[in-house]
Each structure stands twice: as C-alpha cells, then as structure tokens.
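Visitor: Could we go through this structure together? I would like to begin with one strand and work outwards.

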Amino acid sequence: MYSCKLCHLDFDTSKSYISHVRLFHPTSVKFHCENTTCLRVFKSVNSLKSHIDRVHKRKTQLEKDQFSSKKFKSNKKDPASKEIENVNGVVEGIENAVENKEPLQRENVTGDFRSSTSHNQSDALPPGISQKWLMYAAKIYSHLDIPRSKSLEILNDTRNFIKDLLQDNINNFDKVFNPHELITIEKMKVEATLHLQNFSKAYSSQLDCLDSEHKIIKEFENRGTYIAPESYLLGEREDFRKNKQNIDKRRIPVTAQMIRLRYILRNFFELPLVLEETLSEIDLLKMDSLIISNFISSDLWKELSKDDENKIVMPLFFYIDDYENNNPLGSHRGISKCSAVYVSIPGLPTKFCAKLENIFLFLLFNSLDGKNFKNSIIFNKIREELQFLETEGITINYLNGEKRLYFRLALIIADNLGMHQLLGFRECFNSGKICRFCLIDYQDINKVFKEDECELRTVVNYENDLRKNDPKETGIMERCVLEGIGGFHPLKNLAVDVVHDILEGVCRYDLALILSYNIKKNFFSLTQLNNLIGGFCYAPIKNKPTEIFASHLKNKCINMSASEMLTLIVNLPVIIGHFVPHDDEVWQLLLSLRKITIIVIDYQFSKSVPDILEAIITEYLTLLSTLFPYSLKPKHHLLLHYPRVMRLCGPLWKICTMRFEAKHREGKTASRSTVSRINVCKTIAIKHQLRQNYRFLKKCTPTNIIYDFKLLKTELLRNLACYVELHEKLLASIVTENGEIKVVKRVDVEGTKFDVRSIIMIPSEEGPIFYKINKIIIHPVSHLVFIVQKLLFVWLDEHTECFKLVQKPYQWSILGLSDLFSCKVTNLVRASNGRQFVLKNWL
C-alpha cells in the first residue's frame, strides 16, 4: 500500500502511485527561454527545445551543447520521464518543493500564466515603456464583463491603430511643405522625416513589448501589483474526458484557488494615506468608551489584544458562502457553484469599509468539492496563511520608514448553515441540538424566551461533547478547523447574522402572520395592501418592496430579499398605520419587531442598548407565542443570544453578511463573461486579481467626500431661496467668484449618504432637531455646506413610532461638516391619508 503525503490518497501498486505523482504533483523545475525578448517558461527540456525550434528558428546542431546538463543543473528528476525507479526520491523532491513554498501547478491548456510575486529585473520592460500604455492595459483587463481573450484583442487593435496612425503621419509629412521652397527646407524635411521615423520605431517597439497576455501579466507581476492565485491540490475525483474519438472515465485533479493575503494586504496598506488614516481611526475608537461603533471597541477584541503590547495588530473577519454561476433554474445549476472565502478588516475608516474593493478574495473552490473533501484538507493552506499573518506579519513602507503589521482572526461570518459547517456543528435545524450557542433541543424552542433559561455551551462541555463523538446527541460533528488561530474558539468568538436571522427569517415568517391577521380583521384587503406598498414613496431608497401574493400568506412566509424586507419593515407602520386600531395587540407585535430591527441595524450604540434589546426580544417572543402558538422557529430562538453577541462584538450590522454577499456580483459577472466551465474558479480568481492589479497600479484612495462630477451644476448664490434671510451667513460661509456656487443632488460623506430632501436628525438635550436638506454646496474652502430648513413642529406619534410633521413652517439654516457629528440621516414620507412623517430609524 502506497500513500501520498500531499493529498492523503492510497494506492495499491507503485505504478498507480507513480502515475499519480507524475500527473498531479509535478516538481518546481523551471526552464526559461534564453531569448531576452521572450518570457516563456517550460517544465521540461524537450518542451523548451521544441519552442526554440518553432519560434526562434535555432539551428539543430546547437541543441546538444545548448541544452546540456551543465546549463540546466538540477538534482530533481524530470516528472515527465517515463522511467522513475525510486518512488521515495520523487516524493522527497515534491515535499522539498512544498517546504520551500514553491508553487506546484500544472501547465494550463488555456495559456494561464505561472504564479509568482518576484521582481525579476531581467524580464522587466525597457525603461522607456509608456506608463500610460501599461495603465491602459490594466484598465482593460480590470473589466469583469470582458473576457481576457477580448481584452487582449482590444489592446492589439489599439496598438496596431497607433502604429498605423504614426505611419500615416510620416507618409503624409511631405504635404506640409511647399515643393517650390528653398533647398534648405528640403534638408529640414529630410531631417524631420528621419526624426519622425525614429520616434515611430521607438514608440512601436515599446508597444510591442506588451503584445501578448503573458508579457502583460509578467510586467504586472514584476511591479508587484498583480498577485496571481495559487492552485493547490485537494485530491482526485472521477469524471468523463474526451480522448481522441472516445470518452473515457478517468481520475482528474481537484484544486482550490488561494490568494496570498500577505501580498494583498501589503499592497493595500502601501496605498496613499491608507495606513495613516487607519491607525488614526483605531486610536480614536480605543479612546471612545461610551459609544460602541466598531469591533475595535468591543469587549472581545479587547480580550484578544490584551497581550499585544506595542505591536500593531488588526482583526480579520473571515466570511464564507456559496454562490451560483450558472442559471439557478437551469439543468446545469450546482455544477459550477463556487464556495468563496473573503476577508475584511473592521478597523478601517468608514470610507474604506463602504467599498467592496476592500473586501479581499482569499479562497475559491467548487461547492461540490467542499462536500467530498474534509475541512482539514480544504482549509489547510488557509490555516498556514493566517498563522503567518499573526506570527510573522508584513512590513509596510510608511513615512520614510517601515512598520510591522500583524493580523489576527477575530470572527467567522456566514449564514447559519455555513457557520455550522465551518465551526463543526451539526447541519440540521429541525431536530436535536440545533443551536451553536446553547444546548436547547428543537422541541423546546417554543417554551424558552430568555437566554438565562438556556444551558449555554462552554469550553468544558464542548470538549466533553467532542469526546462523546455523538453528533445526534451533542450537535457537534467535529472540531473547528480554524480553532486555535489567533486564540479563535467557536464558543468565544461568537457571531450572528442579521440578514439571514431577521430580515430573511423572522421578518418573513412573522410579517406573514401579522398581515394575514389584519386582512382577516378586514382592516384592509391584500389588493389594497399591495396598492399601498406599490404607491408609497420610499424617498431615495432603491430596494422597493415587491408584491405580496396570497401564496406567501398561505405558506406563512413572505418572499423578499433582505434589502426589500428592511425597507418594508421600516416603512410599514406609516403605510398601514391609519387603518389599524390603536389598541390592537398584533399591532404592538409589529412595532416590537420594528424596534428589534432598528436596533440591530444601527451602526453604533451606547452600553445600555443590549439590555434594552434583551427586554424587547423577551417581550416580543412572549407575545408572539401567545398570539400565534407554536409559531417559533430556530431563527426566533437565535434572537435570545443577540444581546450577548452585541455586548461582545459591537454593532451587529457591521458583522452581518450583507456587504459580503454583494461581493458575489464580481464573481458572477466574471463567470458570465466566459463560456468555459472547466475551471471556472481559476477564471474568476484571475479576473478578480486583475481588477485588484489596476487598483494597486493606479494607487488611488477614496476621499472623505464623494459625489458624481457629472451631476455638478453651477448656480448663482443670489438666486437661492434663502439668500435674503441668510445673506450675511452665506457670504461668511461661502467664498465665491462671480457669485457662482457648485451644487449636487447627493453626496457621500465617509460612508453616510446625503440627498436633497433627506432629513438630518441632530440629537440635543431638548430632543431631536430635524433639518430638511435644500441644497448641497461643494465648496473648495469649507468643502461641504448644507442649506437646510429647520422643521419647527414635529411630534412623536406613538401609534406609528415615527415623528409626525404637524405644521409646515420652517426656518432657514446652514450646516457644515462639523455640525454632522453623531447625526442620523432619515427621510420625510407621506402616508396615503396625506400626513407626513419623519421615519425614526434610531432607538
């Protein structure tokens, strides 16, 4: 019996084992073409000979001394050799290559480039190469919806067009001279023509240096901006492959695509101002002890980082989820489904956290392979990389010096199924032990409404349950594969997901019950409800709720996306509030559900809020169980643990899956741009890294104030409606030339979006003060100025728990960036009865 030490497969004969080693574990011997203009690399001498004879037309008499063993000296045997006598020698060579962290990759039939991050000066482009042309190539390749073959075609067509244009200018150069001029003009013409020809030849040669994808990618690698995905072997599986005229069933390799985070994070933090602003943000978060607005301020991170001393250590959020690349309703669904692992850094400033480009791809593999191979095999390389980032760290060039940064795994974020799969808990939610936080049984979830009444899982009983090895009784399948990295433990580093638990769980189930009750009470009909929802003005919100069907109410589950459900639950009291009596108990149930939603989606909270949330959840579940007996589901039970996780990790909205799931769009777009599905994970990973390459090459970081320059308009200051009333304040706040100002309709200030007609709520000791935005002025000196209308008569309506605008009188005012500290942005909406309300989206 022979066993492979790399992928742990067993073989009965040495012949099958040797074939497996030759096919799936090629060594790292590389043979470079010695032609200085060629960047090709080959894995065998014969391949290099064939390339030179075919491409460079070398003479055959030079072959023997050209490719002697002295020139290509190697102690390892050629994996393509047909005679392998010493099996242990082959395996030893492979293991040495793995220990040296050299990539073990097969030659890709599509012409993919080899993975490398080294800077080889001999392969670098000539010093005169145009930086603009390289940036243009990077931008073309960064488009996810353009296949790489089409990108190269566009570049070649552009290159040929430029060369033809230069040649046409040379050919037409004679027409600018008068043939009757003096002979000296003729001499000038010859010299100028010669100069143009030399310039054209030099420029064309520079463009020819990037005439293939291999050369383009190689140049990106030399600059260190392109981090190629690394393929590593998970094992083998049987599949049908075409062999000439026959289709045979053979064993094919199963690989995963990993991107080295050490290089990605180094490039990211070396972007202008990123590290400087991040360190300042972390210092500010540590100083604020009253308001919890980030994971950095949480109790969990304080516990994890208490022994860091003077080291700069940043937390990492680890997210895993599946997404479908094919038609989800087609016959090929599930075949090319990908499991993606992303990583984010919660300590970044808000303007960075709001960008999807700051969520980094870490691992990509086929979802079907995830079911056939153990987590220990799939995530083995992930463990090594996370341990490297924690123990060794990365060196960043910072302010004419260097800084050492370390990163620690802080939280694993996923939906409940993905969380249980990765943490090692049982992936069943309809029987037995269903909770990863406590030991409650499925049959008892309709009886327990407080976390204090649950027997919580602890490290002690967790270890005891692991030793029992009885998943049905304990709810534990195996030990978490990431346990121990950075002090991570599945019972200490707790996380919940608001998106799947509440917006796509509790709200779907309970709103169906609440709306069915109101329709049966004849408060309104289903048709009237859909007309109210469809005709309601949701201000600048794009995720408008969809139609509710009778089947949704019958099945007790309203089918909406998380964003649509969030919009509906926040606005529903205003939409239907005037149809429902004030003393209705089910209406109070809806208001409690809205309170819970508002709290968990808030970006910051005071230390007393988790206690308030605990009381509201207990009251809500008790009332729900009374009005609708036996309606509680496992996602209702998870609400009991939300206050504890909130105290431990900070704002729950910042650890949910919403932003991570939006990242899937990039992978889906890249997969749709290619027809081949042979190795779609590699295709997506390469395209994703090419997109990152353009960003790192461009070295551009977002500003604090973001707006669309195309929507920038010019107006006269004296034409403002408030000019007479605020004449002196306007002149003091806004310095203009010729009395002109620049205005926009919407602006993003450090992740917070402001639109014309939005409502700004600023808290005060007397209560909230409301301002309606009338103009947003972009000013070069004061940066941003809001012309607002202060709403004077606004009162809290207890029936809808929103603020009712009683009268329309207002007072003109001016707000700057300094006035927006701790403000909330909401909207002014109108109910069907004509009353106007300011939505309350805070506690």
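Visitor: Which residues of β9 are buried on one side, and which on the other?

Guide: This is a predicted model. In β9, Cys338, Ala340, Tyr342 and Ser344 are buried on one side, and Ser339, Val341 and Val343 are buried on the other. Both faces of the strand are therefore covered, given that buried means under 20% relative accessible area.

Visitor: How many residues of β9 are buried in total?

Guide: Seven of the seven residues in β9, which spans 338-344, are buried. The split into two sides fits a general pattern. In a regular strand the side chains alternate between the two faces of the sheet.

Visitor: Which strands does β9 pair with, and in what sense?

Guide: Strand β8 (residues 312-323) pairs with β9 in the antiparallel sense over seven bridges. Strand β10 (residues 360-366) also runs antiparallel to β9, and six bridges join the two.

Visitor: Which residues are bridge partners there?

Guide: Aspartate 322 has serine 339 of β9 as its bridge partner. On the β10 side, alanine 340 is partnered by leucine 364.

Visitor: What is the strand order of the sheet?

Guide: The order is β5-β6-β10-β9-β8-β12-β11, an open sheet of seven strands with mixed pairing. At the edges are β5 (230-243) and β11 (394-398), each of which pairs on one side only. On average, neighbouring strands of this sheet are turned by 30° against each other, direction ignored.

Visitor: And how many bridges join β6 to β10?

Guide: Two bridges join β6 (residues 246-258) to β10, and these strands run antiparallel. Methionine 258 stands opposite leucine 363 in β10.

Visitor: Which strands do helices α10 and α29 touch?

Guide: Helix α10 (residues 274-287) packs on the sheet and touches β8, β11 and β12, with its direction at about 100° to that of β8. Helix α29 (residues 680-698) also packs on the sheet, where it touches β5, β6, β8, β9 and β10. The direction of α29 makes about 170° with that of β10.

Visitor: Back to β9 for a moment. Is serine 344 buried or exposed?

Guide: Serine 344 has 11% relative accessibility, so it counts as buried. Beyond its neighbours within four places in sequence, serine 344 is in contact with Pro315, Leu316, Phe317, Asn358, Ile359 and Phe660.

Visitor: Now to isoleucine 413. Where is it found, and what is it in contact with?

Guide: Isoleucine 413 is found in strand β12 (residues 401-413) and is buried, with a relative accessible area of 1%. Leaving aside neighbours within four places in sequence, its contacts include Phe317, Phe318, Tyr319 and Ile320. Met419, Ile655, Cys656, Thr657 and Phe660 are also among the contacts of isoleucine 413. The C-alpha atoms of isoleucine 413 and tyrosine 342 are separated by 9.6 Å, with the two residues 71 apart along the chain.

Visitor: Why is helix α9 described as largely enclosed?

Guide: Helix α9 (residues 261-269) is largely enclosed by the rest of the structure because seven of its nine residues are buried. The buried residues of α9 are Leu261, Arg262, Ile264, Leu265, Asn267, Phe268 and Phe269.

Visitor: Turning to the surface, which residues make the nonpolar patch?

Guide: Leu792, Phe793, Trp795 and Val806 make a nonpolar surface patch of about 390 Å². Leucine 792 is found in the loop between β21 (783-791) and β22 (794-797), and it is partly exposed, with a relative accessible area of 40%.

Note on methods: Residues are numbered from 1 along each chain as its sequence is written. This is a predicted model: local features need pLDDT of at least 70, side-chain atom pairs count only at pLDDT 80 or more; totals for chains, interfaces and linings use all residues. Side-chain values use heavy atoms; hydrogens and water are left out. Helices (H or I, at least four residues) and strands (E, at least two) are DSSP runs, numbered from the N terminus. Buried means under 20% relative accessible area, exposed over 50%, partly exposed in between (1.4 Å probe, protein chains only). Contact means heavy atoms within 4.5 Å. Two strands pair if DSSP finds at least two bridges between them. Patches are made of residues with over 30% relative accessible area and no salt bridge: like charges are joined within 9 Å, nonpolar side chains (Val, Leu, Ile, Met, Phe, Trp, Tyr) within 5 Å. Accessible areas come from the Shrake-Rupley method with a 1.4 Å probe; for residues, only the protein chains shown count as cover. A salt bridge is a side-chain nitrogen of Lys or Arg within 4 Å of a carboxyl oxygen of Asp or Glu. Axes are lines fitted to C-alpha atoms, for helices over the stretch in contact, and angles run from 0 to 180 degrees between N-to-C directions.
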